[in-house]
Amino acid sequence: MIVTIDGVAASGKSSVSGGVARALGVPYVSSGLLYRAATLLGLEARLDLHDAPAVLAHLQGHPLRLEPLAGGNRIWQGDRELTGELHSTRVDAGVSVVAALPEVRAWVDAQLRALPAPFVAEGRDMGTAVFPHAGAKFYLTASPRIRAQRRAQERPEDVPAIEAALVRRDELDRVQSAPAPDAVVIDTGPLTLDGVIQTILAQLPAQLTSA
Ligand SMILES: Nc1ncnc2c1ncn2[C@@H]1O[C@H](COP(=O)(O)OP(=O)(O)OP(=O)(O)O)[C@@H](O)[C@H]1O
Ligand SMILES: Nc1ccn([C@@H]2O[C@H](COP(=O)(O)O)[C@@H](O)[C@H]2O)c(=O)n1
């Protein structure tokens, strides 16, 4: 059983996926962490992030390991844990460039499809490209201002700067970020985090919640 939760940047995908996964007793899988880790490695190696062969060759020489848990995903390169370094402003600024490389997308998709189900998968294209046969699909939205206000609780920048960066990232991610035709679209703006989680749980087919 796979449930997909896609959405725009900072719409609550990780927090909501964690809550849904805990309620179902399964892990969740953060696809964005793989793109973020690929970006961090590229930045550290001073690669041109537009250079697909260089980024891919570097990834193949420095394999990443995603550890999907209901309580939060962790990601490793060899013995080094990268998780805590991936939500920085510089990774945010570069990640959409790396994610636009078809070779990197194919590499990430292969990592994700190799994971053993059941799980909740969150990202941009989980319900469309990676797991089109998922048992239930959701797509989260909220206005840029609301998302920036939420994110400002966790970042040093002010709300207008965060909002501008989110709008830019949404624009760059537009190609791969769209609701699947069979996804339930949820505007999280008027909802609490728990409200979004309960909305999703209430819409899951009975066979998923009893599995
Ligand atoms: N419905 C909600 N109400 C209030 N705060 C929320 C809600 N959903 C998420 N948040 C908060 O918004 C922030 C962003 O959420 P989260 O990191 O889960 O988003 P995301 O979509 O995974 O982000 P990114 O795309 O950058 O990985 C977090 O601080 C989270 O606690
Ligand atoms: N399925 C996905 C997931 C992520 N991306 C790209 O990674 C960036 C970071 O993702 P977050 O979920 O952590 O925000 C995102 O801005 C996309 O560029 C993707 O392309 N596909």
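Trainee: How should I read the radius of gyration of the protein chain, with its 211 residues?

Mentor: Set it beside the value for a compact globule with that number of residues, which would be near 17 Å. The protein chain has 16 Å, so it agrees with a compact globule. Do keep in mind that this is a predicted model. Along the principal axes, the C-alpha atoms fill a box of roughly 50 × 40 × 30 Å.

Trainee: How many helices and strands does the protein chain have, and what percentage of its residues count as buried?

Mentor: There are 10 helices and 8 strands, and 41% of the 211 residues count as buried. For contacts, look at sequence separation: among those with a separation of 6 or more, 74% join residues 24 or more positions apart.

Trainee: Let's try one residue. Is Ala-23 buried or exposed?

Mentor: Count the other C-beta atoms within 10 Å: 20 or more means buried, 12 or fewer means exposed. Ala-23 has 16, so it is partly exposed. Ala-23 sits in helix H1, residues 13–24, and touches Ile-197 and Leu-201, leaving aside residues up to four places away in sequence. Its C-alpha atom is also 8.6 Å from that of Thr-209, 186 residues apart along the chain.

Trainee: And which helix gives the most to the shell around ligand 1?

Mentor: That is H1, with 3 residues. Helix H7 (144–151) and helix H9 (193–203) each supply at least two. Of the 18 residues around ligand 1, Gly-12, Lys-13, Ser-14, Ser-15 and Arg-150 come nearest. By character, the shell divides into 5 nonpolar, 9 polar and 4 charged residues.

Key
Residues numbered from 1 in each chain as written. Chains lettered and ligands numbered in written order. Predicted model: local features only at pLDDT ≥ 70, side-chain atom pairs only at ≥ 80, totals over all residues. Helix = DSSP H or I, 4+ residues; strand = E, 2+ residues; numbered from the N terminus. Contact = placed C-beta atoms within 7 Å. Near = placed C-beta within 6 Å. Nonpolar A, V, L, I, M, F, W, Y, C, P; charged D, E, K, R; others polar. Rg over C-alpha atoms; globule rule 2.2 N^0.38 Å.
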